[in-house]
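Let's take a walk through this model, stopping at a few rings, a helix and some backbone angles along the way.

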Amino acid sequence: MLGSFTLRDYQVHAVAAFWDAVRTKDETSPLLALPTGSGKTVVISEILRGISEIGYRAIVLTRSQELVRQNFDKFIQHSPHSDAGIYCSGLSRKDTGKDILFATVQSCFSRAESFGERQLVIVDEAHEIPERDESQYQTFLSGIRIKTPNAILLGLTASPYRTDGGLIHGAGRQFTHVAHSVSLGKLINDGYLTPPRTLTTESVDLEGVKKSRGDFVKGEVEHRFLSAGDHVTDQIVSAAEQKQTRSVLVFASGVAHAESIRSRIESLGHSVGLVTGETLPLLRETLIDNFGRGS
């Protein structure tokens, strides 16, 4: 049980796998591989509840202020009396003394000494940790381990793999091993996730687009999508109208492409909210809240 919430079987196993990993090995940095929609936030909350009960202190890192807020809210919902806080410039919160903290790494990476001892560092979306030693994540971890040399590192991700570096666990990698994984097929077969239904749209020809470190060069991809015109956007709008969908989330290949999509959808009589890396925090929060409410 997590407060009034009953964990699913695979969530129980994931939490147990974390504790088994840290109890049976002297030095370990386990990964939990859980698909999108599996409830990673619930798993994080239950692990943090256990950490609090034994008097340890923890910090949860991500690059997204939305995930900071989501993880914090879920934890408070099920552990309302816990000493928890937020360190995130985008949310105008800079708590440092709380036993359980939720933070964006870009806000705190150079201030690890401000957070005191932390026996557990959790990285949500762990595949976002770059390999290079001078990354923000590496800088923060090095700082934390000055005061807490044996701090445990736990990663959660839907995919323990990076296109520019392969697997993120194993010898010489940030994480030692995958302590527990759940397949998307299991979640669908067990009725936790709805089977996906695909929409056939015109594909954009990416033949000849250059690659860098295993992935397409973003600028060239965006140019191809912009050159393709509005056909795919029109098909998305048409399908949404046929299914009477209240909200549709569209990922673009770049800011210019996103602006093009917004312009086209608005010309067809629909309202559009556009979120980019430059969107101001308050507007970003409003747009995301409106999307969640279908307005």
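Helices here are DSSP runs of H or I with at least four residues, strands are E runs of at least two, and both are numbered from the N terminus. By that scheme, Y56 falls in the loop between α2 and β2 (58–62). Bear in mind that this is a predicted model. Y56 counts as partly exposed, since its relative accessibility is 35%, and partly exposed means between the 20% and 50% cut-offs. For a sense of scale, Y56 and S183 are 127 residues apart in sequence, and their C-alpha atoms are 31 Å apart in space.

**Helix α2**

Just before that loop comes something worth a look: how far does helix α2 reach from its first C-alpha to its last? The answer is 20 Å for 14 residues (40–53), close to the 20 Å expected at 1.5 Å a residue. Eleven of those 14 residues are buried, so the rest of the structure largely encloses α2. Among the buried ones are nonpolar-looking names such as V42, V43, I44, I47, L48 and I51, but K40 and E46 are on the list too. After α2 comes G55, with a positive phi near 80°.

**Aromatic pairs**

Now for the rings. The structure holds six aromatic pairs. In one of them, F18 and W19 have ring centres 5.0 Å apart and planes at 65°, so the pair is edge-to-face. F18 is buried at a relative accessible area of 0%, and W19 is buried as well, at 16%. Y87 and F115 make another edge-to-face pair, because their planes sit at 80°, with centres 5.1 Å apart. Here are the two side by side:

| Pair | Centre distance | Plane angle |
|---|---|---|
| F18 and W19 | 5.0 Å | 65° |
| Y87 and F115 | 5.1 Å | 80° |

What does the Y87 and F115 pair tie together? Y87 belongs to strand β3 (residues 84–88) and F115 to the loop between α4 (105–108) and β6 (120–124), so the pair joins parts that are 28 residues apart in sequence. Both Y87 and F115 are buried.

There is a cluster too: ring pairs link F72, F75 and F102. F72 also has a charged visitor, as R93 lies over its face at 5.6 Å from the ring centre.

**Positive phi angles**

Next, the backbone. Most residues other than glycine have a negative phi. Which way does phi of S92 go, positive or negative? It is positive, near 55°, and S92 is not a glycine. S92 is found in the loop between β3 and β4 (93–94), and it counts as exposed because its relative accessibility is 69%. E125 is a similar case, with a positive phi of about 60° in a residue that is not a glycine. E125 has its place in the loop between β6 and α5 (136–147).

**A nonpolar patch on the surface**

Last stop: the outside. L249, F251 and F291 form a nonpolar surface patch, with about 370 Å² of accessible area together. F251 sits in the loop between α8 (231–242) and α9 (255–267). Is F251 buried or exposed? Its relative accessibility is 72%, so F251 counts as exposed, in contrast to F18, which is buried at 0%.

Note on methods:
Residues numbered from 1 in each chain as written. Predicted model: local features only at pLDDT ≥ 70, side-chain atom pairs only at ≥ 80, totals over all residues. Heavy atoms only, no water. Phe/Tyr/Trp six-rings, centres within 6.5 Å; stacked < 30°, edge-to-face > 60°. Buried < 20%, exposed > 50% of the residue type's maximum accessible area, 1.4 Å probe, protein only. Lys NZ or Arg CZ within 6 Å of the ring centre and 35° of its normal. Expected span 1.5 Å × (residues − 1). Patch = residues over 30% accessible without salt bridge, like charges linked within 9 Å, V, L, I, M, F, W, Y side chains within 5 Å. Areas by Shrake-Rupley, 256 points an atom, 1.4 Å probe, with all protein chains shown as cover. Salt bridge = Lys/Arg side-chain N within 4 Å of Asp/Glu carboxyl O.
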